[in-house]
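Trainee: Got a few minutes to go through this one with me? I'd like to start from the picture and work outwards.

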Amino acid sequence: MGLAQVQIQILSQHQLPHHIDLVMSQALAKKLEIKTPVFSVAFGSAIAKGRVAFSRMNHKLICISSDLAEQLKMNPQPWIRAHFDAHSLRLRFGPVFGILINAHPQEKRAQPFGLMTKFLDECITAGQMRGIRVAVITPEHIDLNRNETTVWIKQKNRWQCAKYPLPDVIYNRINSRRIEQQESLQIKMSLLKNHFRIPIFNERFLDKLQVYQILAQDESIRSRLPETYSFRDPRALTLFKRYSTVYLKPTNGSLGSGIIKITRSKKSWIYQLSTPGGTVRRTLKNHSSLMKLLKQKIRSQPYIAQQGLRLMKFDNRPVDFRILAQKTKEGVWKITSSVARIANISHIVSNLARGGTIRKASDVLREWSYPNKPSIHQLRAAALEIAKTFERLADGHFAELGIDLAVDVHGKIWLIEINSKPSKTDDTVINPNSHFRPSVLRLIDYVLYLSQQGKHAPPPSPSTTSGIMRRQRR
């Protein structure tokens, strides 16, 4: 199998020899191991027949006809991977990597994708360096009947809108549970995965209770899980009797929103609610008053009740550790980064959205005076074990997990939460001066790994696709 990184130039048909769709140098053809003049050409889900002529021109340049480019929905490419499979007689450009988001770009603004813009910029640039075409896509612009999607790409340092074939790989970065759960999007995702055979990773948000129930199946991981029940489970009431602190958390919550901390003292109960402006605090005289308040606050919302822990603190403030686990270019889990998240003095949670700050995990561990504190190696090893176990037991394709750990006063490492959509905003970057955050480089590595594992079947005909969509809507 021949592989090269090439430039693509699009020429009108009259600029090429008669009946010729591609022109490349003999040296490039030899490197790609192309020995036949006719083969199929693929870009994303688009496939077309092409006839090649060989020349003595620049060996890194492939000229393709405007007719072939139109069939492939391809624009000029500064640098892109070209891979020829002699068995299937197919020349594939790319892969095309689609990042699925739900926010529409504000094209006239400096940051058209808001706080995600810098991350997407890094993905575009890092992908281009590796010969990957990175495109930003939104659900409503995916047209399965035409095997295409409207995308936003960056060319000559400007974001532009274009028509592309369906991507080779999709990374789900939709940040709204409501949008992700819409029936129309679920149908599209199912067809993309099962009919078009496009790998989609981090395909869904995680539910806190489900994560607990999944991991509790593993004996070694179970010991790291705080006791957790649905708030409406009768067993949840026993937590208030057995533990001096209990946390109540929205099952589908994020960014520390709606978390309630209940602390039992000798003569009263202390209720603390996390809000954007700080912590709301109330003191209640008895258990029945507490239950009445909780039912008024929670109402029909799905909440979990979770055992509170006596955790090690930093500067007398709550701290936890966000460990980012990702799949590598070999398709295995590795730890990419580890940071400590230190809560704002007026908050009960450490989330950055609630005024928390981040530091290198190793620095916080080094400065801790606790004699039984774990090492950074132990934290990372625990997170890696959790990521591998979760993948083994859970349904779905995940390649990136934000694993939140905490350490109790005895030095034991506990799992607080797993996040399948870890934050990509600038305030999560420890070294803002680096060209690429390590997570972006590992992400691009994994996309290459996926693209090499399996190739698309020929795209289904529009009539086949539309028929399936009609049946699934019934």
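Mentor: Sure. Keep in mind that this is a predicted model. Let's begin with helix α6, residues 208-215, which lies across β14, β15 and β19 (303-307). Helix α6 runs at about 130° to β14.

Trainee: And which strands does helix α9 touch?

Mentor: Helix α9, residues 287-298, packs on the sheet and touches β15, β16, β17 (269-275), β18 and β19. The direction of helix α9 makes about 15° with that of β17.

Trainee: OK, what's the strand order in that sheet?

Mentor: The order is β14-β19-β15-β16-β17-β18. That is an open sheet of six strands, with antiparallel pairing.

Trainee: Which strands stand at the edges?

Mentor: β14 (228-230) and β18 (278-284). Each has a single partner strand, so one side of each is left without a neighbour in the sheet. As for twist, neighbouring strands are turned by 20° against each other on average, ignoring direction.

Trainee: Take one pair from the middle. How many bridges are there between β15 and β16?

Mentor: Four bridges, in the antiparallel sense, between β15 (residues 245-250) and β16 (residues 260-264). If you want a spot to click on, Y247 stands opposite K261 in β16.

Trainee: Switching topic: K424. Is that lysine buried or exposed?

Mentor: K424 is buried, with a relative accessible area of 3%. You'll find K424 in the loop between β25 (413-419) and α12 (438-453).

Trainee: Huh, a lysine in there. Which side chain does the side chain of K424 make a polar contact with?

Mentor: That of E400, at 2.6 Å. Beyond four places in sequence, K424 also touches L115, M116, F119, Y171, R173, L324, R437 and S439, in addition to E400.

Trainee: F119 is in a helix, right? Which residues of α3 are buried?

Mentor: In α3, the buried ones are T117, F119, L120, E122, C123, I124, A126 and G127. The general rule helps here: an α-helix has 3.6 residues a turn, so residues three or four places apart point the same way.

Trainee: What covers those buried residues?

Mentor: The cover includes β8 (96-100), β9 (133-143), β10 (148-155), β11 (158-165), β12 (169-172) and α12.

Trainee: How far does α3 reach from end to end?

Mentor: Helix α3, residues 117-129, reaches 18 Å from its first C-alpha to its last. With 13 residues, that is close to the 18 Å expected at 1.5 Å a residue. After α3 comes G131, whose phi is positive, near 80°.

Trainee: Can we zoom in on I124? What is it in contact with?

Mentor: Outside its neighbours within four places in sequence, I124 is in contact with V134, K154 and W159. I124 counts as buried at 6% relative accessibility. Its C-alpha atom is separated by 7.6 Å from that of A135, eleven residues apart along the chain.

Trainee: Y171 came up in the K424 contacts. Which way do the β12 residues point?

Mentor: V169 and Y171 point one way from β12, and I170 and N172 point the other way. All four are buried. That fits the general pattern: in a regular strand the side chains alternate between the two faces of the sheet.

Trainee: And which strands does β12 pair with?

Mentor: Four bridges join β8 to β12, and the two run parallel. F97 stands opposite V169 there. β12 also pairs with β13 (residues 200-201) in the parallel sense, over two bridges, with Y171 opposite F201.

Trainee: Last topic, the hydrophobic stuff. Which residues in the largest nonpolar core touch the most other members?

Mentor: V6, L22, M24, L32, I62, L91 and F93, out of 47 residues in that core. Helix α5 (residues 183-194) gives the most to this core, with five residues. L22 has contacts beyond four places in sequence that include F39, V41, V52, I62, L68 and L91.

Trainee: How many residues are in the second core?

Mentor: The second, separate core has 37 residues, including L206, V211, A325 and A394.

Trainee: One more: where is A69, and what does it touch?

Mentor: A69 sits in helix α2, residues 66-72, and is buried at 4% relative accessible area. Leaving aside neighbours within four places in sequence, A69 is in contact with I10, I64 and M74.

Terms used:
Residues numbered from 1 in each chain as written. Predicted model: local features only at pLDDT ≥ 70, side-chain atom pairs only at ≥ 80, totals over all residues. Heavy atoms only, no water. Pairing = 2+ DSSP bridges. Axes fitted to C-alpha atoms, helices over the stretch in contact; angles between N-to-C directions. Contact = heavy atoms within 4.5 Å. Buried < 20%, exposed > 50% of the residue type's maximum accessible area, 1.4 Å probe, protein only. Polar contact = N/O pair within 3.5 Å; in protein donor to acceptor, adjacent residues only side chain to side chain. Expected span 1.5 Å × (residues − 1). Core = buried A, V, L, I, M, F, W, Y, C linked by side-chain atoms within 4.5 Å.
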